[in-house]
Amino acid sequence: MARALRLAERGLFATTPNPRVGCVIVHRGEIVGEGYHERAGEPHAETRALQRAGERARGATLYVTLEPCSHHGRTPPCADALVEAGVGRVVAAMRDPNPLVAGQGLQRLRATGIAVETGLCEEQARELNVGFVARMTRQRPWLRVKTAASLDGRTALANGQSQWITGEAARRDGHRWRARSCAVMVGIGTLLADNPRLTVREIKTPRQPLRIVIDRRLDIPLDARVLEGGNVLIATAHDERDKVRQLEELGARVLRLPNVEGKVDLGALMRELARRELNEVLVESGSRLNGALVRAGVVDELIVYLAPHLLGDTARGMFDLGELTALDRRVELSIRDVRRIDADLRVIARLTRFD
């Protein structure tokens with residue numbers, strides 16, 4: 001199963017909206033076939049492994065990181081292929097959270113006499129597809145906020161200067177998080193200050209993520225670099241038809257989602273992104289949007305790069321959460337990983353509570 005997980009990771013940047021899945025077939029203690037899902041619309045991991053195993057799949061044990069599918073999508077059901085191949089035993093790391101499967105694939109295998117086991121390396125398999133699981137079970141994507149700061153938690157000088165706080169290695173690592181994401185999100189304040197492209201440039205990837213701009217009043221300039229090449233979604237609360245038309249002519253899609261305060265409804269936006277089959281979204285913005293997302297209760301994970309220097313109290317912070325008047329109102333985090341990247345530190349933490 002460890003080998004199957006490593007194979008699944010090869011699809012880290014390309015399988016969206018599908019999950020990352022790896023498969024290994026073992027016959028009499030020997031690996032006779034293996035494969036992974038490379039991208040949506042192409043054969044699933046089980047199909048590739050069966051093709052390589054051939055007749056040696058009969059009576060063999062198949063290890064797969066996710067329950068074999070039981071429905072017709074872009075490809076035929078994998079459960080039927082396993083039955084036809086005569087596989088004797090299937091070990092699945094986890095059940096498929098997709099309601100179209102949700103245990104039916106395993107039931108189909110058991111009904112034909114195939115021995116079935118689940119739960120081996122389940123946590124690792126779930127982590128590999130944390131966004132897919134979130135979309136299927138919560139109807140919203142897994143939202144990561146990535147930020148770079150000095151050791152005293154400052155992301156930019158008071159005048160807005162922020163490039164570059166961290167070193168080259170940390171920035172390259174940040175591009176890897178971009179590459180695995182279905183979308184990269186930024187607020188209009190950061191866009192106006194930095195004019196980013198939001199593309200993956202440091203990591204080889206077969207696709208570019210969708211670029212999302214939160215722009216309450218449609219202040220985005222028509223010559224903004226993020227608009228180059230299309231593949232942009234602008235979420236707004238404003239209704240200015242001429243500006244919308246101009247943006248759409250540049251290849252952008254404009255989504256109007258106002259809340260009662262006249263701002264972008266962030267909860268509704270997350271539901272819409274899930275409807276559009278986005279699994280993982282990476283936020284690279286300033287303290288205002290970061291704080292608004294936390295207050296809206298839609299942030300799942302933080303990726304914080306800390307550089308070994310100080311910028312002082314006048315510099316800008318990471319999260320605008322307003323004034324907290326009691327410690328029991330603080331945002332609780334669970335530290336998942338801390339590691340050094342060249343001269344910088346990378347901290348990965350998950351939100352555990354926010355009332």
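Colleague: Let's start in the loop between helix 10 (266-275) and strand 11 (280-283), where glutamate 277 lies. Why is glutamate 277 called partly exposed?

Modeller: This is a predicted model, to begin with. The relative accessible area of glutamate 277 comes out at 40%. Buried requires under 20% and exposed requires over 50%, so a value of 40% falls in between and the residue is partly exposed.

Colleague: What makes phi of glutamate 277 worth a remark?

Modeller: Its sign: phi is near 65 degrees, which is positive, and the residue is something other than glycine. Aspartate 342 is another non-glycine with a positive phi, of about 55 degrees. That aspartate sits in the loop between strand 13 (332-341) and strand 14 (344-353).

Colleague: And how do you know whether aspartate 342 is buried or exposed?

Modeller: Check the number against the cut-off. Aspartate 342 has a relative accessible area of 60%, and exposed means over 50%, so aspartate 342 counts as exposed.

Colleague: Which glycine with a positive phi follows helix 11?

Modeller: Glycine 297, with phi near 75 degrees. Helix 11 itself covers residues 287-295, and Leu289, Asn290, Gly291, Leu293 and Val294 are buried in it.

Colleague: Now alanine 134. Why is alanine 134 called buried or exposed, whichever applies?

Modeller: Its relative accessible area is 4%. The limit for buried is under 20%, so alanine 134 is buried. Alanine 134 belongs to helix 6 (residues 130-138). Leaving out residues up to four places away in sequence, alanine 134 touches Gln139, Arg140, Pro141 and Trp142. As for alanine 93, 41 residues apart from alanine 134 along the chain, the two C-alpha atoms are separated by 17 Å.

Colleague: What makes you say that glutamate 46 has no salt bridge?

Modeller: The nearest side chain of opposite charge is arginine 48, 9.3 Å away. A salt bridge needs a Lys or Arg side-chain nitrogen within 4 Å of a carboxyl oxygen, so arginine 48 at 9.3 Å doesn't qualify. Glutamate 46 is buried all the same.

Colleague: Where is glutamate 46 found, then, and which residues does glutamate 46 touch?

Modeller: Helix 2 (residues 45-53) is the place. Not counting residues up to four places away in sequence, the contacts of glutamate 46 are Cys23, Leu62, Val64, Leu66, Pro68, Cys69, Cys78 and Leu82.

Colleague: What makes the peptide bond that joins threonine 16 and proline 17 cis?

Modeller: Look at omega, which is about 5 degrees there. Proline 17 is in the loop between helix 1 (2-9) and strand 1 (22-27).

Colleague: Zooming out, how do you know whether the chain agrees with a compact globule?

Modeller: Compare radii of gyration. A compact globule of 355 residues would have one near 20 Å, and the chain has 23 Å, which agrees. The C-alpha trace spans about 70 × 45 × 40 Å along its principal axes. Buried residues make up 51% of the 355.

Colleague: How many helices and strands does the chain have, and what do contacts and charges look like?

Modeller: There are 11 helices and 14 strands. Of the contacts between residues at least 6 apart in sequence, 68% join residues at least 24 apart. As for charge, there are 55 positive and 46 negative side chains, with the centres of the two sets 2 Å apart. The exposed area is about 17,000 Å², 46% of it supplied by carbon and sulfur atoms.

Conventions
Residues numbered from 1 in each chain as written. Predicted model: local features only at pLDDT ≥ 70, side-chain atom pairs only at ≥ 80, totals over all residues. Heavy atoms only, no water. Helix = DSSP H or I, 4+ residues; strand = E, 2+ residues; numbered from the N terminus. Buried < 20%, exposed > 50% of the residue type's maximum accessible area, 1.4 Å probe, protein only. Lys, Arg positive; Asp, Glu negative; His and termini not counted. Contact = heavy atoms within 4.5 Å. Rg over C-alpha atoms; globule rule 2.2 N^0.38 Å. Areas by Shrake-Rupley, 256 points an atom, 1.4 Å probe, with all protein chains shown as cover. Charge placed at Lys NZ, Arg CZ, Asp CG, Glu CD.
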